[in-house]
Amino acid sequence: MSFRVNPRLLYKNIEDLVRFTQKRHRVKTKWAATRPKVSPSDLALHNFDASYGLQFGELWPSVRVSLLSEQKYGALFNNFSYDDTVTQLQSVGCRDFVTASVDITSDGAPRSFTGDTSSHHSKVSITPNVRCFVFPKGDTSRFKAARQDRHGLLGYYLMDAASLLPVLALDVQKGESVLDLCAAPGGKTLALLQAQATRFLWVNDWSESRMSRLQRTLLSFLPDDLCSEDKLRITCFDGRKWQELGPENTFDKVLVDVPCTTDRHSLMEENNNIFSRSRTKERQNLPLCQTQLLLSGLQAVRRGGEVMYATCTLSQLQNQCVVEQAMRLAEEELGICTEVVDLQPFTALFKDTFHFAPDMNLGVMVLPHLTANFGPMYFCKLRRLA
Ligand SMILES: C[S@@+](CC[C@H](N)C(=O)[O-])C[C@H]1O[C@@H](n2cnc3c(N)ncnc32)[C@H](O)[C@@H]1O
């Protein structure tokens with residue numbers, strides 16, 4: 001087994017470099033002009049070392065090395081492709097982790113799993129229509145690019161397999177209406193549509209360019225009749241303004257997959273990095289923006305409906321703190337009461353494929369690990385009571 005480890009694993013003295021430079025250049029303009037070029041990805045690493053070191057304690061070095069190593073993908077199987085993609089994927093040693101995790105009954109229906117109830121009643125069923133293939137633990141093989149079938153549809157979509165978990169845990173039932181509030185580039189939208197349960201799906205994202213990408217993705221994977229206007233609506237709203245732009249108290253399920261520090265991207269890519277100086281304000285505003293988006297989701301969902309909050313960051317400030325703040329504000333400012341749904345019975349099904357963070361008091365976290373380098377992926381499910 002071989003891992004590709006980023007050389008920056010060995011780079012430890014950014015802090016010293018920044019401190020030294022600040023002391024030397026005391027005049028502000030000169031300091032700015034001679035400021036050392038700390039790349040956005042180095043700044044991200046420095047920032048993560050400071051905050052995640054405290055947050056994860058002795059777990060951090062292992063998570064850090066995994067974050068800086070090659071990410072593992074999953075192949076979301078396209079039910080609408082005519083090619084025999086399953087045989088192809090199985091022949092290279094992959095297995096479908098969704099079906100493998102679920103005990104399917106003899107009549108082909110998935111069993112339901114009931115968690116420790118009390119006030120946090122939890123019942124999760126896993127759809128048999130979503131299949132995602134991964135290489136076994138410790139196997140770092142890569143997938144080949146997907147091929148088109150004779151109708152031009154691709155056989156699978158490559159994504160972080162952990163991204164599928166919030167969609168599975170949202171547990172959309174036949175005939176339900178769903179809002180995907182921050183949907184682009186569309187991995188989770190595609191998974192929602194593969195489940196073939198939604199009666200109506202509203203797909204929204206603020207970025208027009210990312211929305212164009214989502215539309216191209218849908219065209220490459222879905223037959224035209226699935227994208228008709230009565231089944232699928234696509235908009236480019238600022239999701240924080242849902243109250244002014246979209247219907248409230250309406251959807252059975254809402255997915256709020258917010259913009260975040262995208263920890264892996266921030267460590268590995270300089271382009272479009274949220275740690276670049278030009279995006280400092282945007283980065284600092286993330287928890288506020290995330291809270292507003294989650295509040296929109298709670299307004300859009302009907303009473304008794306459920307909202308899934310998701311991020312791909314390890315940051316407590318962008319995860320648990322946002323959920324706590326949104327629950328409090330929803331109750332105090334909007335009169336919307338919510339409860340957290342217990343996802344432990346759900347995660348128990350997938351513990352052979354993913355590493356889940358221990359002792360999470362709110363929500364679930366998939367931690368990157370060298371033998372199963374998926375995530376980070378945080379998700380927390382809220383049920384609207386009133
Ligand atoms: C983590 S990505 C979503 C990933 C997507 N759900 C998927 O699975 O492919 C977050 C998205 O939020 C969008 N976004 C940022 N601010 C927004 C806002 N105020 N309203 C709606 N979408 C927003 C970004 O354009 C970005 O596409």
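A residue counts as buried at under 20% relative accessible area, as exposed at over 50%, and as partly exposed in between (1.4 Å probe, protein chains only). By that yardstick D42 is buried, with a relative accessible area of 14%. The structure is a predicted model, in which local features need pLDDT of at least 70 and side-chain atom pairs count only at pLDDT 80 or more, while totals for chains, interfaces and linings use all residues. Residues are numbered from 1 along each chain as its sequence is written, and side-chain values use heavy atoms, leaving out hydrogens and water.

First, the overall picture. The protein has 386 residues, of which 52% count as buried. It holds 15 helices and 14 strands; these are DSSP runs numbered from the N terminus, with helices being H or I over at least four residues and strands being E over at least two. A contact here means heavy atoms within 4.5 Å. Among contacts between residues at least 6 apart in sequence, 77% join residues at least 24 apart. D42 gives a taste of such reach along the chain: D42 sits in helix α3 (residues 40-56), and its C-alpha atom is 9.4 Å from that of E270, 228 residues away in sequence.

Now for the sheets. Strands of a sheet pair through backbone hydrogen bonds, either parallel or antiparallel. Two strands are taken as paired if DSSP finds at least two bridges between them. One open sheet is built from four strands in the order β2-β5-β1-β6, with antiparallel pairing. Its edge strands, each pairing on one side only, are β2 (95-96) and β6 (156-159). Inside this sheet, β1 (residues 74-77) and β5 (residues 132-134) run antiparallel and are joined by two bridges, with L76 partnered by C132 of β5.

Strand β7 pairs in the other manner: β7 and β8 (residues 200-204) run parallel and share four bridges. In that pairing, S177 stands opposite F200 of β8. The side chains of β7 split between two directions, S177 and L179 pointing one way and V178 and D180 the other, and all are buried.

Just past β7 comes a small backbone oddity. Most residues other than glycine have a negative phi, and most peptide bonds are trans. The bond joining A184 and P185, however, is cis, with omega about 5°, and P185 lies in the loop between β7 (177-180) and α8. Helix α8 (residues 187-194) itself lies across β1 and β6, running at about 40° to β1. Angles like this run from 0 to 180 degrees between N-to-C directions, using axes that are lines fitted to C-alpha atoms, for helices over the stretch in contact.

Helix α8 has a helical partner as well. Its axis comes within 10 Å of that of α9 (residues 208-221), and the two cross at roughly 35°. The contact brings T189, L190 and L193 of α8 up against L214, T217, L218 and F221 of α9. Sorted by class, these residues are five nonpolar, two polar and no charged; Ala, Val, Leu, Ile, Met, Phe, Trp, Tyr, Cys and Pro count as nonpolar, Asp, Glu, Lys and Arg as charged, and the others, Gly among them, as polar.

A second helix pair turns up further along. Helices α13 (residues 286-300) and α14 (residues 320-334) pack at about 55°, with their axes 9 Å apart. That angle makes α13 oblique to α14 (under 35 degrees is roughly parallel, over 145 roughly antiparallel, 65 to 115 roughly perpendicular, and the rest oblique). Their contact has ten nonpolar, four polar and no charged residues. On the α13 side the residues include P287, L294 and L298, and on the α14 side they include V322, A326 and L329.

A few more backbone features sit in loops. Another cis peptide bond joins G375 and P376, with omega about 5°, and P376 is found between β13 (364-366) and β14 (377-384). N249 is not a glycine but has a positive phi of about 50°. This residue belongs to the loop between α10 (242-245) and β10 (251-257), where N249 is partly exposed at 38% relative accessibility. D359 also has a positive phi, near 55°, without being a glycine. Its place is the loop between α15 (344-349) and β13, and D359 is exposed, with a relative accessible area of 77%.
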